[in-house]
Amino acid sequence: MATTERYVGSSVPRKEDAELVTGRGRYTDDMAIPGMLWMAVVRSPFGHARVKSVDVSKALGMDGVVAAFAGGDFDWAGPLLMAWPVTSDINNPPHFPLAKDKARYAGDGVAVVVAESRAAAVDAAESVHVDYEPLPAVVDMEAALAEGAPIVHDEFGTNRCYVWTNTNGDVDKVFAEAPVIVKERYRVQRQVPNAIEPRAILVEPNNATGQFTMWSSTQIPHVLRTAMALATGIPESKLRIVAPRVGGGFGSKLQVYPEEALALELSRRLGRPIKWTETRSEGYLATHHGRDQIQEMELAADEDGRIRGFRAKVLANMGAYLRIIAPGTPVLGAFLYCGAYTGEAYQIELTGVFTNTTPVDAYRGAGRPEATNAIERAIDALARRVGKDPVEIRRMNFMPPFTEATQSIGGLMIDSGNYPATLDKALELADYEQLRKEQQARRASGDVKQLGIGFSTYLENCGWGPSRIIGGVLQYAGGGWEAATIRCHPTGKVVVITGATPHGQGSETAFAQIAADELGVPIDDVEVLFGDTDVSPNGWDTYGSRGAAVGSPAVAMAARKVVAKARKIAAHELEVSEEDLTYESGRFTVKGAPDRAKTVPEIAFSAWTAHNLPDEVEPGLEESAFFDPGNLVFPYGAHICAVEVDTETGEVEVVKYVAVDDVGTIINPQLVEGQVVGGVVQGIAEALYEEAVYDENGQLVTSNMSNYAIPAAPEVPSIATGSHVTPSTTNDLGIKGVGETGTIASPPAVLNAVVDALSPLGVTEIERPATPENVWKAIRRAKGGAA
Amino acid sequence: MIPASFDYERADSVEHAIRLLGSRDDAKVLAGGHSLLPLMRFRLARPSLLVDIGRIGDLSYVREDGDKVAIGALTTHDAVNTSEALRELCPIVAHTAGEIGDPQVRHMGTIGGSVAHADPASDMPTVLVALEADLVIEGPSGSRTVMAGDFFKGLFTPDLAPNEVLTEIRVPNTAGRGWDYQKFHRRAQDWAIVGVAALDGESARVALTNMGDRPIRASGVEEALAGGADPTSAAVRAAEGTSPPSDPFGSAEYRQELAKVLVRRALERSMG
């Protein structure tokens, strides 16, 4: 039955919700296999220590314990995959699943225990005796680069991992000539990603065939399969990786983890299924962290605030080892230190730094929230300097609207954009004039609670990514295409197989909308399969806002191939030439004879029986496509935040938040709103609440949810969203990404609002996150007190 | 995390609980479990025996008793929060119970458990200190009563022998007196960074949460008020004699400044 309804553009309810919201989603930790053993990892309590010896004998004597190994008991085929060596001279230490002679962060694995129950494994891990010689630790990046600092990887003699630079235009000249120079320093604090589902792994060996199945709470089953083959030497052809339901990742599950390699290797050694589930506390130590940069941001401008040059020097904390894309994470933002603005010159220098801390890698936005922080806060500093309103300074510096790809001073070829349009819309939604009036009234009355208004007119790059570009100038080892297969069953039901790996985004619904429209079938007749390398053998998975932007075009391409084949069969059956057929909403109709028609499901049946196919047409109705974009996509928008700041306690409350984004063609408005709101909330948390703190010995002080402050529903304001659409020119669906925009845009909007609220007191800078104490300190500093 | 292994016994009565507690050196009472179990999961507490008193039915009540209100130790924070008797006769207790944790915590956690845990960051102990409440304790040799101000002896250190059980909290009738509890925290479910309990009246009482190793009276403030000071000038003395912790939620210095602001606000509200 063909349908004329179009799904793309409407808020189709999420197909996955019936399963997920009723608690029936099957996650890795829900699974058990007869004969399964539990693994527990022995972790270094020291930030930096020599491992002199490891004694597992006591553990081996405990009830239920099957095996115990130290780091030195393994001989790996290769290190864990590090896929992004950004420079040819990068210091790239091989990272093996367990440390052998030196633990480099608190939480670094040094031994592993396997037992019949989880409790027995944890108890046994506690009894492994490790003789450590504690070494001085270094956690601060500037201290790590200083002369005489403790060295994390002795073989390099330095903690400098790499220096990556990019220059456009004559920076020195522009900065020498410009009458106004604004120089700001920002610290973008470290965060713990905290996906709601902890990591979990289950490996089942097939001892007869030598095949292994690994279920893992991962964003990247396809990449993981290759990485596991490299680490263990088990051929990819004998590895099946399944990401079942995954409860969020935010980049933290875009990783190849030591525990994955350990569980696989132990199941090979012991011939039994191995299970491991991270505890939340373990997650704080052993799941990678995000952000952690020190930025020096300079703007060169004319007297009136017109920007002429951008110059940024950034230190990026890598932590103790290089994880899968750690060096490249800052590079993802390295073209965005100019934001959506014009200028004549641009320079960035990124320095990766090793420290005795948990490895840092991609966290929702990955490099772009950091860049956006630098430019969106610096442009406010420029506005203050030249006496302009933050709206005015942005307007005068925006790139003018464009609909064809246009070069930015940061070095990007941007697909399309109309930056003033989103700002106009946001100002209207926020009722900006009224907010300023209210602010004036409170300033005049000396209200304890001052009002502040902050902006972020961000630009980002996502939709990872064009294989030739990311593998070329960016030196990334992987590809960036996406694959899709569409299989029409004989009854007309459709299966879409994607190489993306959705884990909460709603991509199943979005892909089904696209396939249903292309094939003219009801959306309930479309199933979307993913996340299992035996079902979906090809793909680059889900991260970097690529699901919709790269995954969707692949689905559309596969669907169009199906339609092209169906057209041949329809023409044959209707005894006309292909050119005599029109196709609309799943129905081929003979031109001028509307009652002579065939639907895609009817042709699917014919293709299956193959009784009467044209000579050159093979049976079956199934097609695959690979989409490799020619460029990234470039969402942007305007976010406005209003905060109330208690000038006595430093407490900040977000009282209004408006997000107007251009994410290109919208497949499903409700999914977009969900992504934006979720991202904004995560960004508010970054601006006001979350910070991973280490002490000088490398101990993670904020080591669990009670002292690492993740806000919950009562702390979150209602968020008003709006959109403006300029279709992307990168893919013919016009889609840009939306998964990270909220997190990229929102922190500087909130922080700018806090500074704005306190500017009558002389406050020009606030430490991130703007906790009550940090705000209180900023007020006191401005008043001339100690800080 | 996974707690270390332990034995578990369910007590049928207070006497039974006392007997069970006496059977091991390191037994611990389990009531709502909202203080003890997290410590056990971090393996910071490793009792070899848990004595579950949660099913002892007759320890959950709020009743008027002369000029006091008696609250059974197993009364949940939610039951305290919604008690009509407390809202009328000792509203600061009802109100503060509603500031503890989140709804799940308030429906499982108990007033007795919170008090016996003696966490200086907890709200209710501070209120009880300000109220000069009485705590009734049962042990092998019978019953004794301790003033709240004497019960909290230090960090997680109540005046409670290993084989004693806190059974009842007795608070005064404060109907007609002004009161306020200021809880300053970053997230609704958090412990107080600083808390202030204030009771107006002939002898005004002010007590502080998380400003030392136990809930403490702001005696400098009380003294100033007794001498006729207004809230603003009395509050200046809020940090006297305090030794607050420094942790990720706030430095000691910040807490001391915060205490001054919050004491002033609490006094203004309790007097307004």
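Q: Before we look at any helix pair, what are the axes here, and what do the angles run between?
A: Axes are lines fitted to C-alpha atoms, for helices over the stretch in contact, and the angles run from 0 to 180 degrees between N-to-C directions. Please keep in mind that this is a predicted model.

Q: OK, so at what angle do helix 6 and helix 7 of chain A pack?
A: Helix 6 of chain A, residues 221-232, packs against helix 7 of chain A, residues 258-270, at an angle of about 60°, and their axes are 10 Å apart. The two helices are therefore oblique to each other, and helix 6 of chain A passes helix 7 of chain A in a right-handed crossing.

Q: Which residues make that contact?
A: Helix 6 of chain A contributes Leu224(A), Met228(A), Ala231(A) and Thr232(A), while helix 7 of chain A contributes Glu260(A), Ala261(A), Leu264(A) and Glu265(A). By character, the residues of this contact divide into 5 nonpolar, 1 polar and 2 charged.

Q: Switching to strand 26 of chain A, how many of its residues are buried?
A: In strand 26 of chain A, residues 636-646, 10 of the 11 residues are buried, so this strand is largely enclosed by the rest of the structure.

Q: And which strands does it pair with?
A: Strand 18 of chain A, residues 449-456, runs antiparallel to strand 26 of chain A and is joined to it by 8 bridges, with Gln450(A) opposite Val645(A). Strand 27 of chain A, residues 652-662, also pairs with strand 26 of chain A in the antiparallel sense, over 10 bridges, and there Lys656(A) is the bridge partner of Ala642(A).

Q: What's in the turn of the hairpin?
A: Strands 26 and 27 of chain A have 5 residues between them, and Gly650(A) in the turn has a positive phi of about 85°.

Notes. Residues are numbered from 1 along each chain as its sequence is written. Chains are lettered from A and ligands numbered from 1 in the order in which they are written. This is a predicted model: local features need pLDDT of at least 70, side-chain atom pairs count only at pLDDT 80 or more; totals for chains, interfaces and linings use all residues. Helices (H or I, at least four residues) and strands (E, at least two) are DSSP runs, numbered from the N terminus. Angles under 35 degrees count as roughly parallel, over 145 as roughly antiparallel, 65 to 115 as roughly perpendicular and the rest as oblique. A crossing is left-handed if the near helix is turned anticlockwise from the far one by less than a right angle, and right-handed if clockwise. Two residues are in contact if their C-beta atoms, placed from the backbone, lie within 7 Å. Ala, Val, Leu, Ile, Met, Phe, Trp, Tyr, Cys and Pro count as nonpolar, Asp, Glu, Lys and Arg as charged, and the others, Gly among them, as polar. A residue is buried if 20 or more other C-beta atoms lie within 10 Å of its own, exposed if 12 or fewer, and partly exposed in between; C-beta atoms are placed from the backbone. Two strands pair if DSSP finds at least two bridges between them.
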